[in-house]
Amino acid sequence: MKIQLKDIVSKSILTPAKGAIDDFTHSLNPYVGCVFGCKYCYVRQLPVSLFREQEWGTWIDIKGNAAELLKKDMLKAKRKGPVMIFMSSSTDPYQPIEVKTKLTRSLLEVMLEAQPDFIHVQTRSPLVKRDIDLFKKFGDKIRISMTIETDKEEVRKAFSPTAPPIPARIAALKEITDAGIMTQATIAPLLPCSRDFPQKLKHIAKRVTIDDFWMGDGSGGKRTDKLGVYKIYEQMGLEKWYNPSAYKVVLKMLQEELQNSEVELMISKKGFSPNGN
């Protein structure tokens, strides 16, 4: 699939945080669009996607002036009070184009000069480990959160066929954790998984957060229904997993696996907040 790339000039780069991430002050999105194109992604239902002629996952707008804007926006934001940033709320900051542009890396470098009070980096890409050297410089002001919705590759391929393989994500997150950086394995949204899933997450991050469509899509699951993802569950014979109570089964397995470890276990919004409370 050919991805349509476009360089754009943005008017601002820090956006007031709302909804599920309103515990943060700002969201930061280096790109518009995401080539991972996950079939359950709520951004598909947002204006940025609905009013675009191209299919979600086939285009990316690159905010070429993002670093320059961030220098100005950070100074303004810090004068008003604490600055807590969620990167990113509607794109992946480490999608493949980042290898070439290094745009996300340039934003981290800007934030090292004018440090926010906290940064949450949300991704599903192993490329994130490239910036371990910068993450270390933020100390306890940064958390790297890797989306790992399932441990089954056949499930990953059904719901997000162009997203990075699960084993590569697990390995990258463990490497970041081993480097002494605050990390999180994020099961969001929870997809059908095996009974071994909790054990696979036990030693790769300092925290595990679980979320699902009903808690996390901002509309009690209605937005997800519109995307038609239930059909995928039907095709795989996994209809029982499309249920607002399914997460409780996996949560119980996680609680049993992690009870004697130092790994924190969080649910939905609390797992994304700056302080976890």
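Author: A cavity is a set of points, on a 1 Å grid over the protein atoms alone, where a 1.4 Å probe fits but cannot get out, and its lining residues have an atom within 4 Å of a point. The model discussed here is predicted.

Reader: Which elements give two or more residues to the lining of the largest cavity?

Author: A search of the whole structure finds one cavity of 30 Å³ or more, and the largest cavity has a volume of about 50 Å³. Its lining is made of Leu190, Asp212, Phe213, Trp214, Tyr233, Trp241, Asn243, Ala246 and Tyr247. Two or more of the lining residues come from each of α9 and α12 (246-258).

Reader: Where does Asp211 lie, and which side chain is joined to that of Asp211 by a polar contact of 3.0 Å?

Author: Asp211 lies in the loop between β10 (207-210) and α9 (213-216). Its relative accessible area is 8% and buried means under 20%, so Asp211 counts as buried. At 3.0 Å, the side chain of Asp211 makes a polar contact with that of Ser268.

Reader: How many Å apart in space are Asp211 and Val99, C-alpha to C-alpha?

Author: In sequence, 112 residues separate Asp211 and Val99. In space, C-alpha to C-alpha, the separation of Asp211 and Val99 is 29 Å.

Reader: In what order do the strands of the open sheet of eight strands follow, and which are its edge strands?

Author: The order is β2-β3-β6-β7-β8-β9-β10-β11, and the pairing is mixed. On average, neighbouring strands of this sheet are turned by 25 degrees against each other, direction ignored. Pairing on one side only marks the edge strands, which are β2 (14-16) and β11 (264-267).

Reader: Which residue in β7 is the bridge partner of Met84?

Author: Strand β6 (residues 84-87) pairs with β7 in the parallel sense, over four bridges. The partner of Met84 in β7 is Phe118.

Reader: What angle does the direction of helix α4 make with that of β6?

Author: Helix α4 (residues 103-113) packs on the eight-stranded sheet, touching β3 (26-28), β6, β7 and β8 (142-147). Eight of the eleven residues of α4 are buried, among them Leu103, Leu107, Leu108 and Met111. The directions of α4 and β6 make an angle of about 170 degrees.

Reader: Is β8 enclosed or open, and how many of its six residues are buried?

Author: Ile142, Ile144 and Met146 are buried on one side of β8, and Arg143, Ser145 and Thr147 are buried on the other. Both faces of the strand are thus covered. The strand is largely enclosed by the rest of the structure, because the number of its residues that are buried is six of the six.

Reader: Which residue of β8 stands opposite Val121?

Author: β7 and β8 run parallel and are joined by five bridges. Opposite Val121 in β8 stands Ile144.

Reader: Why does Thr123 count as buried, and what is the length of the polar contact of its side chain with that of Asp92?

Author: Thr123 lies in strand β7 (residues 118-123). Its relative accessibility is 1% and buried means under 20%, so Thr123 counts as buried. Leaving out residues up to four places away in sequence, Thr123 touches Asp92, Tyr94, Val128, Ser145, Met146 and Thr147. With Asp92, the side-chain polar contact has a length of 2.7 Å.

Reader: With which side chain does that of Thr186 make a polar contact of 2.4 Å?

Author: Thr186 is placed in strand β9 (residues 183-187) and is buried, with a relative accessible area of 0%. Beyond four places in sequence, the residues touched by Thr186 include Gln122, Ser145, Thr209 and Phe272. One side-chain polar contact, of 3.0 Å, joins Thr186 to Gln184. The polar contact of 2.4 Å joins Thr186 to Ser145.

Reader: Which residue in β5 stands opposite Val32?

Author: Three strands form an open sheet of mixed pairing in the order β1-β5-β4, with β1 (4-8) and β4 (31-32) as the edge strands. β4 and β5 (residues 59-63) run antiparallel and are joined by two bridges. The residue in β5 opposite Val32 is Asp61.

Reader: What is the relative accessible area of Lys72?

Author: Lys72 lies in helix α2 (residues 66-80). Lys72 is 101 residues from Leu173 in sequence and 32 Å from Leu173 in space, C-alpha to C-alpha. Lys72 counts as partly exposed because its relative accessible area is 48%.

Terms used. Residues are numbered from 1 along each chain as its sequence is written. This is a predicted model: local features need pLDDT of at least 70, side-chain atom pairs count only at pLDDT 80 or more; totals for chains, interfaces and linings use all residues. Side-chain values use heavy atoms; hydrogens and water are left out. Two strands pair if DSSP finds at least two bridges between them. Buried means under 20% relative accessible area, exposed over 50%, partly exposed in between (1.4 Å probe, protein chains only). A polar contact is a pair of N or O atoms within 3.5 Å; within protein, one must be able to donate a hydrogen and the other to accept it, and residues adjacent in sequence count only if both atoms are side-chain atoms. Contact means heavy atoms within 4.5 Å. Axes are lines fitted to C-alpha atoms, for helices over the stretch in contact, and angles run from 0 to 180 degrees between N-to-C directions. On a 1 Å grid over the protein atoms alone, a cavity is a set of points where a 1.4 Å probe fits but cannot get out, and a pocket is an open set with protein on both sides within 12 Å along at least five of seven lines; lining residues have an atom within 4 Å of a point. Grid points are joined across faces, edges and corners, and a volume is the space filled by probe spheres set on the points.
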